[in-house]
Amino acid sequence: MMGKSLFPQGCSMKRNLVVIGNGMAGARTVEEILTRGGADLFNITMFGDEPYGNYNRILLSSVLNGTQQEQEIFLNPIEWYRENKITLHVGVYAESILRKSRCVLGADGTIEPYDKLIIATGSRSHVPSLEGVTMDDGSDKPGVFVFRTLDDCREMAEYARGSRGRAVIIGGGLLGLEAARGLQSYGLQVDVVHRGLHLMNQQLDPQAGSILKTTMEQMGVGVLLGKNTTAVLGEDRVTGLRFADGSGLACDMVVMAAGIKANAEIGRRSGLQVQRAIVVDNQMRSVTDPNIYAVGECAQHRGHVYGLVAPLWEQAKVLADHITGRDPSAAYHGSKVATKLKVMGVEMAAMGIVEPVDERDEIVQFTEPKRGTYKKLIIRDGRLIGAILLGDISKAAYLMQVFDRGTPLPEERLSLLFDIGAPAKKITIEEMPAEMQVCNCNGVTKGALTACIKAGKRSLNAVMEATRAGMGCGSCKSIVNEIIEFACGGEVEEDPSIHFYVPGVPLSKPDLIRAVKEQGLRSVSAVFGALAGGKEDPASKPGLASLLNTIWAGEYVKERDARFINERVHANIQKDGTFSVVPQIPGGVTTPAELRRIAEVAEKFRVPMVKLTGGQRIDLLGVKKEDLPDIWRDLGMPSGHAYGKSYRTCKSCVGTDFCRFGIGDSTTLAIKIERNFQGIDTPHKVKMATAGCPRNCSEAMVKDIGVVAVEGGKWEIYIGGAAGAHVRKGDILCVVDTHEDVLKYAARFMQYYRENAKYLERTYGFVERAGIDKIRAVVVDDSEGIAAKLDSAIQASINAYRDPWKEAYTAARATEFSSLLPVIQ
């Protein structure tokens with residue numbers, strides 16, 4: 001052998017199994033082989049032309065739009081191959097197969113002999129033959145992309161960040177709409193151009209496609225239907241598109257998502273029968289060579305090439321049964337295609353045919369376009385043969401079950417669309433066949449879940465980690481949990497990790513605080529070194545940084561990589577990669593001089609939007625990262641801390657100075673609160689408000705901490721309120737006489753919340769979980785004798801406060817606020 005490989009194996013009497021392709025189909029097939037004792041039968045070698053382990057391509061749009069990090073979508077990281085003694089030629093393209101000598105040649109000169117060979121090369125984006133797609137020298141024209149790999153995501157994201165114009169997606173199928181969703185997050189105007197007359201014509205009928213189009217347009221995505229693109233315009237980069245009808249569309253970025261094409265060339269070069277893909281029999285063997293198998297999107301079975309994951313998993317199981325000898329009679333007979341999807345945030349389910357094809361076909365239909373809801377069933381001889389659910393997919397699990405099993409349907413068809421006389425949830429789970437697929441993303445059946453539960457996994461997290469169910473798009477988590485509850489007879493084990501403060505350190509918050517104090521751990525890296533075996537978990541760093549700042553105040557050792565981008569640059573990142581700047585305006589009270597400075601800064605730095613916030617502040621939106629220190633310096637105002645998990649703002653009404661109804665000086669109190677708590681780290685953001693009378697104009701009763709003036713010169717303190725996605729009136733903590741008392745009890749509650757709440761737990765969740773009676777007893781009555789300690793701890797944090805904006809522009813850090821860093825070679 002030549003060439004670069006990872007984890008090569010020694011010689012043995014085992015047969016050699018070579019797998020060309022390290023994507024979802026190839027890696028899943030190897031997993032299935034390993035579960036059938038394949039490690040004892042074969043020396044397994046894999047070729048992967050991408051320089052990574054196997055990742056979930058279904059989640060690429062989530063990487064593109066920033067809701068998931070690259071590392072979160074990996075199914076088989078590099079370590080997995082080492083652990084399973086698999087030789088992986090990473091980043092090596094398999095160039096040819098020498099069938100007579102049974103060898104695979106890699107593009108880097110690698111030669112691997114095989115006894116059995118599996119081709120799992122998948123597919124690639126189909127790029128239409130359009131004028132102007134490439135440059136004169138054959139290279140890709142800048143601004144033209146496909147959307148298929150992690151590298152594609154990176155290239156699209158980098159280009160989109162430098163663009164402020166329009167991106168066009170050619171293709172209105174699932175891949176195209178996912179690309180549109182991802183690119184919208186960069187602040188681009190996104191348009192989808194589709195040659196068909198309605199979107200997603202493989203899964204939806206015209207009426208459903210029309211509703212989806214309207215929904216997308218409401219989200220700001222343009223949709224052009226019946227448009228045949230003929231040319232990509234621009235000499236040295238993309239400037240627009242031209243259509244067959246003579247019209248055009250200006251743009252500076254084009255993504256090709258007009259379908260996929262099987263990567264079957266290696267089969268054709270080696271003399272295998274190839275039509276649309278490599279033709280295989282019922283055992284997934286090439287019909288030309290019984291020692292060569294094909295699986296996934298590069299395989300054609302009975303004239304069908306499947307592009308969804310569920311059929312791929314079925315093929316992988318049959319192949320594994322056959323090649324290992326576990327079940328030599330195993331056969332693949334094709335798949336009944338059914339899937340649940342989330343497109344542009346819209347849930348849908350589709351199965352079987354989309355239009356009636358026989359006079360016996362009965363249609364049951366419901367549509368509510370204004371709500372984006374559409375339901376259509378196609379029934380033949382009392383059995384479901386096709387369905388479309390858009391917007392409301394609450395009946396999807398039941399319908400997918402009866403579709404898969406061919407179960408006779410109830411005469412009352414209405415119960416198929418709505419929960420009227422439908423089978424109870426428990427009966428549905430009980431009757432669900434073992435072979436029914438629950439997780440489409442990772443191909444996990446009910447049988448696999450129940451087997452996992454019988455093997456001792458009895459919590460949701462344990463089952464998900466063991467089977468990967470629910471770890472794709474996540475839409476099946478509720479069903480997975482129902483199956484666990486049903487199989488366990490309701491005796492689901494509590495996962496101990498739910499009590500961990502952060503996932504990377506196996507300790508509850510009280511135990512973690514105790515260990516940190518006893519061992520004097522003042523940095524995040526020190527915590528990982530002492531309490532997590534030295535293994536750093538990026539997702540745990542922000543929570544640990546917040547907690548250490550709470551414990552040590554000014555003695556906390558800051559590490560920049562331990563904070564989310566907002567906390568690192570002291571500004572709130574926006575979807576297009578720019579930032580918002582919110583200066584402090586205590587109590588919503590400002591001066592003409594401050595307003596002039598804000599206006600001058602906005603003009604000088606060409607800030608795209610200046611907006612009043614709900615917290616009585618002024619927000620400068622669209623600021624470039626490199627401009628942040630100069631803006632802070634020119635403003636000459638403290639940070640408003642509108643970007644972190646910390647105290648945010650204190651809203652106030654006019655109070656007693658001007659209001660006819662004011663009975664308490666809420667404005668002065670709000671200013672005192674702001675000065676006192678500015679920048680204090682908390683488990684989640686804390687918003688406050690003061691109201692000068694019970695008319696409550698500042699909505700103080702629905703804030704994390706709210707203060708309302710009442711008759712007799714007193715103040716009611718409310719805690720645990722909310723008025724966002726969750727609405728809750730706060731509970732009265734106590735009634736006090738003075739501003740100083742307000743500050744004392746608000747601070748004491750804040751410290752108790754800081755020390756006892758879970759990371760990212762809002763005060764309303766904490767108050768409900770801990771109980772207002774318990775909190776009142778500790779904070780007001782000092783039932784546990786810790787009031788002085790709480791007061792001292794919060795005061796230490798108050799004393800340690802430094803304005804981060806002033807620190808940033810007075811202590812220059814050359815590259816900290818640079819958008820692009822030079823590459824050092």
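Two strands count as paired if DSSP finds at least two bridges between them. With that in hand, welcome to this predicted model, which we will walk through region by region.

## The overall layout

The domain assignment of the protein lists six entries: domain 1 (9–123 + 262–323), domain 2 (144–258), domain 3 (338–417), domain 4 (425–499), domain 5 (509–563) and domain 6 (645–798). Between the centres of domain 1 and domain 6, taken over C-alpha atoms, there are 59 Å.

## Strand E9 and its partners

Let us start with strand E9, which covers residues 116–119. Leu 117 of this strand stands opposite Ile 292 in E21. Strand E21 (residues 292–294) runs parallel to E9, and three bridges join the two. E9 is also joined to strand E1 (residues 15–20), again in parallel, by four bridges. Here Ile 20 has Ile 119 of E9 as its bridge partner.

Which way do the side chains of E9 point? Lys 116 and Ile 118 point one way, Leu 117 and Ile 119 the other, and all of them are buried. This fits a broader pattern: in a regular strand the side chains alternate between the two faces of the sheet.

## The antiparallel sheet

Further along the chain comes an open sheet of five strands, ordered E23-E24-E27-E26-E25, with antiparallel pairing. Strand E23 (338–343) and strand E25 (362–368) are at its edges with a single partner strand each, so one side of each has no neighbour in the sheet. On average, neighbouring strands of this sheet are turned by 15° against each other, direction ignored. Within the sheet, five bridges link strand E24 (residues 346–352) and strand E27 (residues 383–390), which run antiparallel. Ala 350 has Ile 388 in E27 as its bridge partner.

## A buried lysine

Helix H13 (residues 446–454) contains Lys 446. Is this lysine, Lys 446, buried or exposed? Its relative accessibility is 9%, and buried means under 20%, so Lys 446 counts as buried. Leaving aside residues up to four places away in sequence, Lys 446 touches Ile 429, Glu 430, Met 432, Pro 433, Ala 434, Met 436, Val 438 and Ile 483.

## The mixed sheet and its helix

Another open sheet of five strands follows the order E34-E35-E36-E37-E40, and its pairing is mixed. Its edge strands are strand E34 (647–652) and E40, each of which pairs on one side only. From one strand to the next, the twist averages 20°. Helix H22 (residues 666–677) packs on this sheet, where it touches E34, E35, E36 and E37, and the direction of H22 makes about 170° with that of E34.

Inside the sheet, E35 and strand E36 (residues 705–710) run parallel and are joined by four bridges. Met 688 stands opposite Ile 705 in E36.

The loop between E35 and E36 holds Gly 692. This glycine, Gly 692, is buried, with a relative accessible area of 1%. Not counting residues up to four places away in sequence, Gly 692 touches Cys 653, Gly 662, Ile 663, Gly 664, Ser 666 and Ala 709. Gly 692 and Ile 719 are 27 residues apart along the chain, and 17 Å separate their C-alpha atoms.

## Helices H23 and H24

Helix H23 (residues 739–756) and helix H24 (residues 763–770) have axes that come within 11 Å and cross at roughly 80°. H23 and H24 are therefore roughly perpendicular to each other. From H23, the contact involves Phe 749, Tyr 752, Tyr 753 and Asn 756, and from H24 it involves Thr 763, Phe 766, Val 767 and Arg 769. By type, the residues of this contact divide into five nonpolar, two polar and one charged.

The buried residues of H24 are Thr 763, Gly 765, Phe 766 and Val 767. They pack against strand E35 (686–691), strand E37 (714–719), strand E39 (727–728), strand E40 (731–736), H23 and helix H25 (772–779). Just after H24, Gly 771 takes a positive phi of about 95°.

## Joined strands side by side

To finish, here are the strand pairs met above.

| Strands | Bridges | Direction |
|---|---|---|
| E1 and E9 | four bridges | parallel |
| E9 and E21 | three bridges | parallel |
| E24 and E27 | five bridges | antiparallel |
| E35 and E36 | four bridges | parallel |

Key. Residues are numbered from 1 along each chain as its sequence is written. This is a predicted model: local features need pLDDT of at least 70, side-chain atom pairs count only at pLDDT 80 or more; totals for chains, interfaces and linings use all residues. Side-chain values use heavy atoms; hydrogens and water are left out. Domain bounds come from an automatic or database domain assignment. Buried means under 20% relative accessible area, exposed over 50%, partly exposed in between (1.4 Å probe, protein chains only). Axes are lines fitted to C-alpha atoms, for helices over the stretch in contact, and angles run from 0 to 180 degrees between N-to-C directions. Angles under 35 degrees count as roughly parallel, over 145 as roughly antiparallel, 65 to 115 as roughly perpendicular and the rest as oblique. Contact means heavy atoms within 4.5 Å. Ala, Val, Leu, Ile, Met, Phe, Trp, Tyr, Cys and Pro count as nonpolar, Asp, Glu, Lys and Arg as charged, and the others, Gly among them, as polar.
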